[in-house]
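Student: Could you walk me through how to read a model like this one, beginning with a single residue and working outward?

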Amino acid sequence: MRRIDAIALTLLILLSGGLIYLLFRGIGVDNLTAGIWSQALLIGGLMVWLGTYVFRAATKGMTLNTQIQNYKEAVLRKRLEELTPEELAQLQAEIAAEEGEQGTGNGE
């Protein structure tokens, strides 16, 4: 996120808090109660956002992790496409041999 985006988001949240306060005042809620409820809604929204952030971090669904995974897959796909048929056959034979060793090595 760029610095200007962070500043704009902060101002948007600040203005939304004021707007919520004015909305409560507009429907006839007194000053103190309107302030408490507008703060409660902003804190509740912050807690929901924090919860989604923690969930994405715990499940590695963050943008950077996704981009790195996509890059690794693209690199492997490109390398696979560049292999000659002989190299591809050799690689497949090595993979089959490793799978055979793992299948017999674990008591099956």
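Student: Where does Ser-38 lie, and is Ser-38 buried or exposed?

Tutor: The model is a predicted one, and with that in mind we can place the residue: Ser-38 lies in helix 2. A residue counts as buried when its relative accessible area is under 20%, and because the value for Ser-38 is 6%, Ser-38 is buried.

Student: Which residues does Ser-38 touch, once those up to four places away in sequence are not counted?

Tutor: Setting those sequence neighbours aside, Ser-38 touches Gly-17, Ile-20, Tyr-21 and Phe-24. As for the general idea, an α-helix has 3.6 residues a turn, so residues three or four places apart point the same way.

Student: What can be said of Gly-17 from its own side: which element holds Gly-17, and which residues is Gly-17 in contact with beyond four places in sequence?

Tutor: Gly-17 is found in helix 1, and, leaving aside neighbours within four places, Gly-17 is in contact with Ser-38 and Leu-42. Gly-17 is also classed as buried, because its relative accessible area is 7%. For a distance towards another part of the chain, take Arg-77, which is 60 residues from Gly-17 in sequence and whose C-alpha atom is separated from that of Gly-17 by 49 Å.

Student: Which residues of helix 2 are buried, and what does their cover include?

Tutor: In helix 2 the buried residues are Ala-34, Gly-35 and Ser-38, and helix 1 is included in what covers the buried residues of this helix.

Student: How should I read the end-to-end span of a helix?

Tutor: The idea is to set the distance between the end C-alpha atoms against the span expected at 1.5 Å a residue. Helix 2, residues 31–58, has 28 residues that should span 40 Å, and because its end C-alpha atoms are 40 Å apart, the two values agree. Helix 1, residues 3–26, has 24 residues and reaches 34 Å from its first C-alpha to its last, close to the expected 34 Å.

Student: What follows each of these two helices, in terms of phi?

Tutor: Helix 1 is followed by Gly-28, with a positive phi near 100 degrees, while helix 2 is followed by Lys-60, whose phi is positive too, near 55 degrees.

Student: Is Pro-85 buried or exposed, and which helix does Pro-85 lie in?

Tutor: Pro-85 lies in helix 4, residues 85–105. The cut-off for exposed is over 50% relative accessible area, and Pro-85 is therefore exposed, with 62%. The C-alpha atoms of Pro-85 and Asn-65, 20 residues apart along the chain, are separated by 33 Å.

Student: How do I move from these residues to the whole chain?

Tutor: Begin with the elements: the protein has 4 helices and 0 strands, running α-α-α-α from the N terminus on. Then compare the radius of gyration, which is 27 Å, with the value near 13 Å that a compact globule of 108 residues would have. The C-alpha trace spans about 80 × 40 × 20 Å along its principal axes.

Student: What do burial, surface and charge look like for the protein as a whole?

Tutor: Of its 108 residues, 6% count as buried, and the protein exposes about 9300 Å², with carbon and sulfur atoms supplying 65% of that area. As for charge, there are 9 positive and 12 negative charges, whose mean positions are 20 Å apart.

Notes:
Residues numbered from 1 in each chain as written. Predicted model: local features only at pLDDT ≥ 70, side-chain atom pairs only at ≥ 80, totals over all residues. Heavy atoms only, no water. Helix = DSSP H or I, 4+ residues; strand = E, 2+ residues; numbered from the N terminus. Rg over C-alpha atoms; globule rule 2.2 N^0.38 Å. Buried < 20%, exposed > 50% of the residue type's maximum accessible area, 1.4 Å probe, protein only. Areas by Shrake-Rupley, 256 points an atom, 1.4 Å probe, with all protein chains shown as cover. Lys, Arg positive; Asp, Glu negative; His and termini not counted. Charge placed at Lys NZ, Arg CZ, Asp CG, Glu CD. Expected span 1.5 Å × (residues − 1). Contact = heavy atoms within 4.5 Å.
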